[in-house]
Amino acid sequence: MPFAVFILGNNSAIPAHGRHPTSQVVQIHEQQFLVDCGEGTQMQLAKYKIRKNKFDHIFISHLHGDHYFGLIGLITSYHLLRRDKPLHVYGPKGLLEIINLQLSVSNTTLYYELIFHEVKSESVNVLFETDEYIISSFPVKHRILTHGFLFKEKRELRKINPDKIDQLNFPFQIIAELKKGNDCEWEGKLLKSNEWTLLPAKPRSYAFCADTIYHEELKNFIAGCDMIYHEATFMEESAERAVLTFHSTARQAATMGKLVGVKKLLIGHFSAKYENLQPLLSEAKEIFSDTELAIEGTQFAL
Ligand SMILES: [Zn+2]
Ligand SMILES: [Zn+2]
C-alpha cells in the first residue's frame, strides 16, 4: 500500500529562489491529504500534475500566512469548479472566521459543504480515522498555537501463511481467530496461529512537525516514527535568531531525528537568506546522516 510524502513548498515566510511556502501532500493508501497550503500551492499542484479534486481533508498547522495564504484560493477554485462533495478543513481557531469573511465580502456561497474542525487542544487529538490508519494532531512550540500532524497506519491482522493456503478448510470464524493470533481447536485438532499465519508488515508512520522551536518533549508525540519532517529555518550560526523567532536550526532538526530514531528525516522551511541549501544539509548530516532536504517536486516513500 502506498504511503508517501510529496513536497509542494519548502520555504519559510517569503517565497524565494524559486521556492514556495509550506505545503505537502501525504498519500496514505488510496487517499491523499493536503498539509498546509501556503501561497502558490495551487500552482504547484498544477505543475506536478496532482489533481486538487482528490483532496477531501486539508490540515493547517497554524495561522502564520506562509502556511495558509493559498487556502482561500483553493476553496474558491473548488467552488468555481462546482465541487459537490464536502471539504474538511482542520486548523486553529480563527481560520473559519477568516474564510467566512473572505467569502462574505465577495458575496460567495459555496456550492459544497465546508466542514471546519477546530484543532485546539494542548494534547493529542484524533482528527480522522479509518480501519487502516489514523491521523492525529500534536502540539509543537511556536509563537502562536501550532500543531503537527501524525499519520499512522494501524496494526494489521496476521496474514495467512501462503504455504498453508491449500489446507485452509476451516470455518471463517476459526480463520479470523488465527489471524488475531489466537490458537484454536477444530475437530479435535489444535491449530497454532503462528503455524497458519505470519506476522503482518510493521505499521508505518510519518510526522509533520510544522514550525517549532527545538523542543525535546516533541519526542513523546512522534516516538517510533519511520519518517519525520522537522523545520530547519536556520543554520546553527543563527541559533539565537532561531530562539527569538521560535524556529529551529538544521543541527537541532537533526538532533530531534536522532533522538526519535527515525529512518529518515526531512528538513524544510528554509529561510530566504539561504539560496544554496547544501550547507544546511551538511550541518544536519553531521548529527544525523539519514537526513534529506525536502526539495519541492520530490516524493519520499515510507
Ligand atoms: Zn512558517
Ligand atoms: Zn510560523
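Two strands pair if DSSP finds at least two bridges between them. Helices (H or I, at least four residues) and strands (E, at least two) are DSSP runs, numbered from the N terminus. The model here is predicted: local features need pLDDT of at least 70, side-chain atom pairs count only at pLDDT 80 or more, and totals for chains, interfaces and linings use all residues. Residues are numbered from 1 along each chain as its sequence is written, with chains lettered from A and ligands numbered from 1 in the order in which they are written.

**Exercise 1: the overall layout**

Find how many helices and strands the protein chain has, and how it is divided into domains.

Solution. Start with the count: the protein chain has nine helices and 18 strands. Next, get a feel for the extent, which is about 70 × 50 × 35 Å along the principal axes of the C-alpha trace. Then split the chain: domain 1 takes 3-156 + 201-301 and domain 2 takes 159-198, with bounds that come from an automatic or database domain assignment. The C-alpha centres of domain 1 and domain 2 are 43 Å apart. Finally, look at contacts (C-beta atoms, placed from the backbone, within 7 Å). Of the contacts between residues at least 6 apart in sequence, 63% join residues at least 24 apart.

**Exercise 2: strand E14 and its partners**

Say which strands pair with E14, and in which sense.

Solution. First take strand E9 (residues 147-153): E9 and E14 are antiparallel, with four bridges. Phe151 is the residue that stands opposite Tyr206 in E14. Now turn to strand E15 (residues 227-231), which runs parallel to E14 and is joined to E14 by three bridges. Here Ala207 stands opposite Ile228 in E15.

Which way do the residues of E14 (residues 205-208) point? Ser205 and Ala207 go one way, Tyr206 and Phe208 go the other, and all are buried. That's the pattern to expect, since side chains in a regular strand alternate between the two faces of the sheet. Buried means 20 or more other C-beta atoms within 10 Å of a residue's own; exposed means 12 or fewer, and partly exposed is in between, with C-beta atoms placed from the backbone.

**Exercise 3: two helices, each with a buried side**

Work out which residues of H2 and H9 are buried, and what covers them.

Solution. Helix H2 (residues 71-80) buries Leu71, Leu74, Ile75 and Tyr78. These sit on the same side of H2 because they cover an arc of only 100° around the axis, the arc being that of the directions from the helix axis to the C-beta atoms. Their cover includes E3, H1, strand E5 (87-91), helix H3 (95-105) and strand E6 (114-118). Just after H2, Arg82 has a positive phi of about 60°.

Two of those covering strands deserve a second look. E5 and E6 pair in parallel over five bridges, and His88 has Ile115 as its bridge partner in E6. Together with H3 they form a right-handed β-α-β unit; right-handed means that, with the strands pointing away from the viewer, the path from the first strand over the helix to the second runs clockwise.

Now do H9 (residues 278-287). The buried residues are Leu280, Glu283 and Ala284. Their arc is only 95° around the axis, so they are on the same side of H9. On the other side of H9, Gln278, Pro279 and Ser282 are exposed. H8, strand E16 (264-268) and strand E17 (291-293) are among the elements that cover the buried residues of H9.

**Exercise 4: the core**

Name the residues with the most contacts inside the largest nonpolar core.

Solution. A nonpolar core is a set of buried Ala, Val, Leu, Ile, Met, Phe, Trp, Tyr and Cys residues joined through C-beta atoms within 7 Å. The largest one has 63 residues, and Ile60, Cys209, Ile222, Ile228 and Ile267 have the most contacts inside it. Helix H8 (residues 250-260) gives the most to this core, namely five residues. Zoom in on Ile60: beyond its neighbours within four places in sequence, its contacts include Asp36, Leu71, Val89 and Leu95.

**Exercise 5: positive phi**

Are His17 and Asp36 buried or exposed?

Solution. His17 lies in the loop between strand E1 (3-9) and strand E2 (23-28), with phi near 55°. It has 11 other C-beta atoms within 10 Å, so His17 is exposed. Asp36 is in strand E3 (residues 31-37) and has a positive phi of about 60° although it is not a glycine. With 28 other C-beta atoms within 10 Å, Asp36 is buried.

Definitions and conventions
Contact = placed C-beta atoms within 7 Å.
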